[in-house]
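Hi,

Here is the structure I promised to pass on. Have a look at it first, and my notes follow below.

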Amino acid sequence: MDDRAYPFSLVKELSFRRVAGTEDERRAAQILLREIEDAGGKGEAMEFQIPACEVTEQAMRVVSPYEQEIETIAYGRSGSLPEGGATCKFLYAERGVEADYAGVGDLSGTAVMVNSASFETYRLLCEKHAAAFIVMRGMHYDTLETADAYRKNLSDEKLQFGRVPGFMISAKDATEMVRRGVDHIHLTLTQTEFEATSRNVLAVIPGTEFPEESIVLTAHYDSVPVGMGAHDNATGSAALMHIYRRFLKNPPRRTLRFVWCGAEEGGLFGSQAYVQRNKELLPQIRLCFNFDMCGTVLGENHISVTGGDELKHLAEQFCREDGRSSVVRARVQSSDSAVFADQGIPAIAISRYADSADIHVRSDVLFPLSAEQLYRDAEFAVRFIARVANAAILPVDTVMPDNMKKELDKYFDRDKVKKN
């Protein structure tokens, strides 16, 4: 197959729901392993466990001042209510900060609706002993379906404060409930927690001169439960496979470690599992390149640098040399590169964004993408990686500055934990 067409052909094959811990995610991993072997390389599946849940019963009903069933999706890992459910007072607390609870006191027996379940909002719900929490999804005219709502699991960071049964409803229903002065609702929730199996797909190309120095290359291949996950992130996975095939034919001076990460969407579980199991390798890894979304016909190129000014300048300079228009920013990319940066490994996250191409929704499909743009994005990455991997001496110091460590603390919610 023509190299220019290859990455897009792989995007097409990977464009199906690949939810972490499911048979479909395992099928996607098998496709990646097959592609590695067909290219003449050797791949490995690294299995790990992720938290999962099965919701067997969920319901919401307005009981006062009128009666109405409300469509809902429960939060996974948020616990269960007593058999038969619970009738609760209803309170809309907007942002869910202290000022929104002025004069309210203890929230036992109260279901609290908030605009979003942020870290701080959830902590206060637990401290005030809320009976349940509710968030809304979409615009005022949306149903849960048109809002592309799907079940989300509470993170370990939130669960350190306890479990509060959680529910999602449409913004349309939420607007109507507040407008009509709902004061009591009945909630039902039963769920069982368990562990599911996800996996990373790994491959290594040893360096020809400096094998003890490594560069790790990452892209997640799982998807959310809605849409086909074409843009997010079949494109990044396919670009990474194109990069692998290129360097397999022409190994660089430094070792390249390829990681197609599973279970990124639910909490960066694949990259976390990789660093936990490969602690002895981490001192050898000098840099991370991450690929999360590329190949859109319309849009603009972005590079997020999680590291020092020297690394940002390198990215800017290479874009000028290569003639590629890119927005280069020093920031923590919300992707697997953040996990490696948190281990002190500077990261370069290469993406292409477009307002006309969606992610995490039903419309994440093939149409906004093109084979030619995906090839150009992957080839740019090949040239950038080759510049670093083949340098006589690494062109930048691989250190994580203090200001970026603080940004990582914010990203992983550690700054909030320390305050409390």
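**What I found, starting at Ser-223**

Leaving aside neighbours within four places in sequence, Ser-223 is in contact with Phe-16, Arg-17, Arg-18, Val-19, Ala-20, Gly-229, Asp-232 and Glu-265, where contact means heavy atoms within 4.5 Å. Its place is in the loop between β9 (210–220) and α6. Helices (H or I, at least four residues) and strands (E, at least two) are DSSP runs, numbered from the N terminus. Ser-223 is buried, at a relative accessible area of 3%; buried here is under 20%, exposed is over 50%, and partly exposed is in between (1.4 Å probe, protein chains only). Ser-223 and Ser-15 are 208 residues apart along the chain, yet their C-alpha atoms are separated by 9.4 Å.

Before you go further, two housekeeping points. This is a predicted model: local features need pLDDT of at least 70, side-chain atom pairs count only at pLDDT 80 or more, and totals for chains, interfaces and linings use all residues. Residues are numbered from 1 along each chain as its sequence is written, and side-chain values use heavy atoms, with hydrogens and water left out.

**The helix after that loop**

Helix α6 covers residues 230–249, 20 residues in total. From first C-alpha to last it reaches 27 Å, close to the 28 Å expected at 1.5 Å a residue (the expected span is 1.5 Å times one less than the number of residues). Since 16 of its 20 residues are buried, α6 is largely enclosed by the rest of the structure. One thing to check by eye: the peptide bond from Asp-232 to Asn-233 is cis, with omega near 5°, and Asn-233 is found in α6. Asp-232 is also one of the contacts of Ser-223.

**Strands around β8**

Which strands pair with β8? One is β1 (residues 43–64), which pairs with β8 (residues 184–205) in the antiparallel sense over 20 bridges; two strands pair if DSSP finds at least two bridges between them. Within that pairing, Ile-50 has Ala-196 as its bridge partner in β8, and Arg-61 has His-186. Strand β4 (residues 86–92) also runs antiparallel to β8, joined by four bridges, with Ala-86 opposite Leu-187. Then there is β10 (residues 254–261), again antiparallel to β8, with five bridges; there Val-201 has Trp-260 as its partner.

At its other pairing, β1 meets β2 (residues 68–70) in the antiparallel sense over three bridges, and Met-60 is partnered by Ile-70 in β2. A hairpin joins β1 to β2 through three residues. Pro-65 is found in that loop, and the peptide bond from Ser-64 to Pro-65 is cis, with omega near 10°.

**Cores**

I counted a nonpolar core as a set of buried Ala, Val, Leu, Ile, Met, Phe, Trp, Tyr and Cys residues joined through side-chain atoms within 4.5 Å. The largest has 57 residues, and Phe-258, Trp-260, Phe-289, Phe-384 and Ile-385 touch the most other members. Apart from it lies another core, of 29 residues, among them Cys-261, Ala-273, Leu-281 and Met-400. Back in the largest core, Phe-384 is in contact with Phe-289, Leu-314, Ala-315, Phe-318, Ile-348 and Ile-350, leaving aside its neighbours within four places in sequence. In soluble globular proteins, nonpolar side chains tend to be buried together.

**Backbone oddities**

Leu-268 is not a glycine but has a positive phi of about 60°. Leu-268 lies in the loop between β10 and α7 (269–277) and is buried, with a relative accessible area of 6%. Asp-413, likewise not a glycine, has a positive phi of about 65°; it lies in the loop between α11 (402–411) and α12 (414–419).

**The whole chain**

- Secondary structure: 12 helices and 14 strands.
- Extent: the C-alpha trace spans about 75 × 45 × 35 Å along its principal axes.
- Radius of gyration: 23 Å, which agrees with the value near 22 Å for a compact globule of 420 residues (taken over C-alpha atoms; the globule rule is 2.2 Å times the number of residues to the power 0.38).
- Burial: buried residues make up 55% of the 420.
- Contacts: of those with a separation of 6 or more, 81% come from residues 24 or more positions apart.
- Surface: about 17,800 Å² is accessible, 48% of it belonging to carbon and sulfur atoms (Shrake-Rupley method with a 1.4 Å probe; for residues, only the protein chains shown count as cover).

Cheers
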